[in-house]
Amino acid sequence: MFESTQNREEILESLNRLEIDLADTYAIIGTMKDFLNDTLTENTQFRLENERLRDRIEELESSTNARKSVDSLQKIYDEGFHVCRTYYGKVLENGENCLLCQEVLS
Ligand SMILES: [Zn+2]
């Protein structure tokens, strides 16, 4: 197989080409690793940002719900009923102001 000079030169040439191809392949692997790292970093940042936004939405929703409950209690109180824990649902006497109810509504 290695009997002639021509064969040796062909083999050397093949090895040189292979060396160049391998260098290119290493460069591509390096680029892909960088890209993967950037993507993972970006992904983590998006995940954290997403969690932060989800928390914020939950926070906003719960404050909206709390506001809605107070509004509906206020309506019941305005219609003449106690909304305080002690007298809840009992009729307010004419012109009566209940401090406990007002505390709930404040
Ligand atoms: Zn009351």
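## A long helix and the loop that follows

Helix H1, which runs over residues 5-78 and so comprises 74 residues, reaches 108 Å from its first C-alpha to its last, close to the 110 Å expected at 1.5 Å a residue. The model described here is predicted, and its secondary structure comes to 2 helices and 0 strands. The radius of gyration of the protein is 38 Å, well over the 13 Å that the globule rule gives for 106 residues, so the protein is more spread out than a compact globule. Along the principal axes, the C-alpha trace spans about 120 × 20 × 20 Å.

Burial is the next point to consider. Of the 106 residues of the protein, 2% count as buried. Within H1, the number of buried residues is 0 out of 74, so this helix lies largely in the open. As for contacts between residues at least 6 apart in sequence, 18% of them join residues at least 24 apart.

Part of H1 also carries an annotation. In an unreviewed entry, UniProt places the feature "coiled-coil region" at residues 36-63. In the model, the span of residues 36-63 is 100% helix and 0% strand, and the C-alpha atoms at its two ends lie 40 Å apart. As general background, an α-helix has 3.6 residues a turn, so residues three or four places apart point the same way.

What phi does Gly80 take, just after H1? The value there is positive, at about 105 degrees. Beyond Gly80 the text turns to the loop between H1 and helix H2, the latter covering residues 99-105. Val91, Glu96, Glu93 and Tyr87 each have their place in this loop, and the table sets out how each of them is surrounded.

| Residue | Other C-beta atoms within 10 Å | Class |
|---|---|---|
| Val91 | 11 C-beta atoms | exposed |
| Glu96 | 10 C-beta atoms | exposed |
| Glu93 | 9 C-beta atoms | exposed |
| Tyr87 | 14 C-beta atoms | partly exposed |

Because a residue counts as exposed with 12 or fewer such neighbours and as buried with 20 or more, Tyr87 falls in between.

The loop residues can also be placed by their distances to other parts of the chain. Val91 and Glu79 are 12 residues apart in sequence, and their C-alpha atoms are 9.1 Å apart in space. Not counting residues up to four places away in sequence, Val91 touches Gly80 and Phe81. Glu96 can be related to Gly80 as well, since the pair are 16 residues apart in sequence and 8.8 Å apart in space, C-alpha to C-alpha.

Which residues are in contact with Tyr87, once its neighbours within four places in sequence are left aside? They are His82 and Cys98. Tyr87 can also be placed against Leu100, which is 13 residues away in sequence and 8.9 Å away in space, C-alpha to C-alpha.

Glu93 gives a distance on another scale: Glu93 and Glu19 are 74 residues apart in sequence and 98 Å apart in space, again C-alpha to C-alpha. Glu19 belongs to the span of H1, residues 5-78, whereas Glu93 sits in the loop between H1 and H2.

Technical notes
Residues numbered from 1 in each chain as written. Predicted model: local features only at pLDDT ≥ 70, side-chain atom pairs only at ≥ 80, totals over all residues. Helix = DSSP H or I, 4+ residues; strand = E, 2+ residues; numbered from the N terminus. Rg over C-alpha atoms; globule rule 2.2 N^0.38 Å. Contact = placed C-beta atoms within 7 Å. UniProt positions renumbered as here; feature names shortened; annotations may be inferred. Expected span 1.5 Å × (residues − 1).
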